[in-house]
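Reader: Please take a close look at a single helix in this model and at what surrounds that part. A plain, connected account will do.

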Amino acid sequence: MKKMTEHAHRPRVEGEREDEILDATVELLMEVGYDRLTMDAVAKRARASKATLYRRWETKASLVAEALVRAKASPHIEPQDTGSLRGDLLATFCGHEGLGGAATGVLGAVITAVSTDPEFAHLFRENFIAPKIAVSNAIYRRAQERGEIGTDVDVDLIAPALAGILMHRAFLLGDPIDDATIERVVDHVILPAVRHPSCGTPPSTQGNHKLTKDKARKTT
């Protein structure tokens with residue numbers, strides 16, 4: 001009880017000081033990777049004491065996970081509603097560093113930690129990945145509500161596909177992620193996939209689709 005009381009009365013790290021520590025964490029993460037990053041190194045880079053860090057973050061995993069979510073250099077995407085699936089995807093993923101440049105380096109620095117550090121993997125998936133998937137899910141749900149794509153489209157499967165393809169190209173093929181590449185993937189992979197007959201016919205065209213099939217039967 002005494003230990004908990006002492007912990008509760010420790011001064012919190014917050015505001016600009018907290019932001020400085022999180023930014024320093026991401027800087028070091030890109031320089032040395034997750035495995036070689038230490039609380040000591042972050043404290044030195046942020047010109048803070050290690051005790052200051054431990055008042056706010058009990059482990060390296062919790063510090064890095066929060067830095068990925070909040071630091072300026074981390075990949076961030078915001079929901080966009082343009083009125084079309086293609087427009088939403090391009091507005092969400094193009095025109096910023098959300099999936100390119102320094103952001104790719106940040107993800108590359110932690111990719112192995114996801115398989116080697118269970119605590120970090122849990123925090124990373126829950127706090128960093130899950131909100132981004134939620135943004136993507138909402139894009140496809142809106143497209144379904146508009147009747148732009150079929151209600152049978154497996155949103156849970158297709159929503160992470162764009163980011164997955166781009167990450168594959170960046171990490172395995174070494175191709176830079178730019179707006180032109182994102183647009184190509186959207187136009188040549190994502191849109192044809194969700195509009196394929198096996199994914200469900202959009203409600204607005206179901207009647208026409210049935211008439212076309214009936215007409216085909218009569219002429220054969």
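Author: In this predicted model, helix α2 covers residues 15-36, and its 22 residues leave the end C-alpha atoms only 27 Å apart. A straight helix at 1.5 Å a residue would reach 32 Å, so α2 falls short of that span. The helix bends by about 90° at Met 30.

Many side chains of α2 can be placed by burial. Before the bend residue Met 30, the buried positions include Glu 18, Ile 21, Leu 22, Asp 23, Ala 24, Thr 25, Val 26, Leu 28 and Leu 29. Gly 33 and Tyr 34 are buried as well.

One neighbour of α2 is helix α5, residues 60-70. Two packed helices are described by the angle between their axes and the distance between the axes. For α2 and α5 the angle is about 105° and the axes are 9 Å apart. The two helices are therefore roughly perpendicular to each other, since angles of 65 to 115 degrees count as such. On the α2 side, the contact is made by Glu 18, Asp 19, Ile 21, Leu 22, Thr 25, Val 26, Leu 29, Tyr 34 and Asp 35. On the α5 side, Lys 60, Ala 61, Leu 63, Val 64, Glu 66, Ala 67, Leu 68 and Arg 70 take part. Among the α2 contact residues, Ile 21, Leu 22, Val 26 and Leu 29 are also buried. Tyr 34, listed in the α5 contact, is likewise buried.

Notes. Residues numbered from 1 in each chain as written. Predicted model: local features only at pLDDT ≥ 70, side-chain atom pairs only at ≥ 80, totals over all residues. Heavy atoms only, no water. Helix = DSSP H or I, 4+ residues; strand = E, 2+ residues; numbered from the N terminus. Bend = angle between axes of the 7 residues up to and from the residue. Buried < 20%, exposed > 50% of the residue type's maximum accessible area, 1.4 Å probe, protein only. Axes fitted to C-alpha atoms, helices over the stretch in contact; angles between N-to-C directions. Parallel < 35°, antiparallel > 145°, perpendicular 65-115°, else oblique. Contact = heavy atoms within 4.5 Å.
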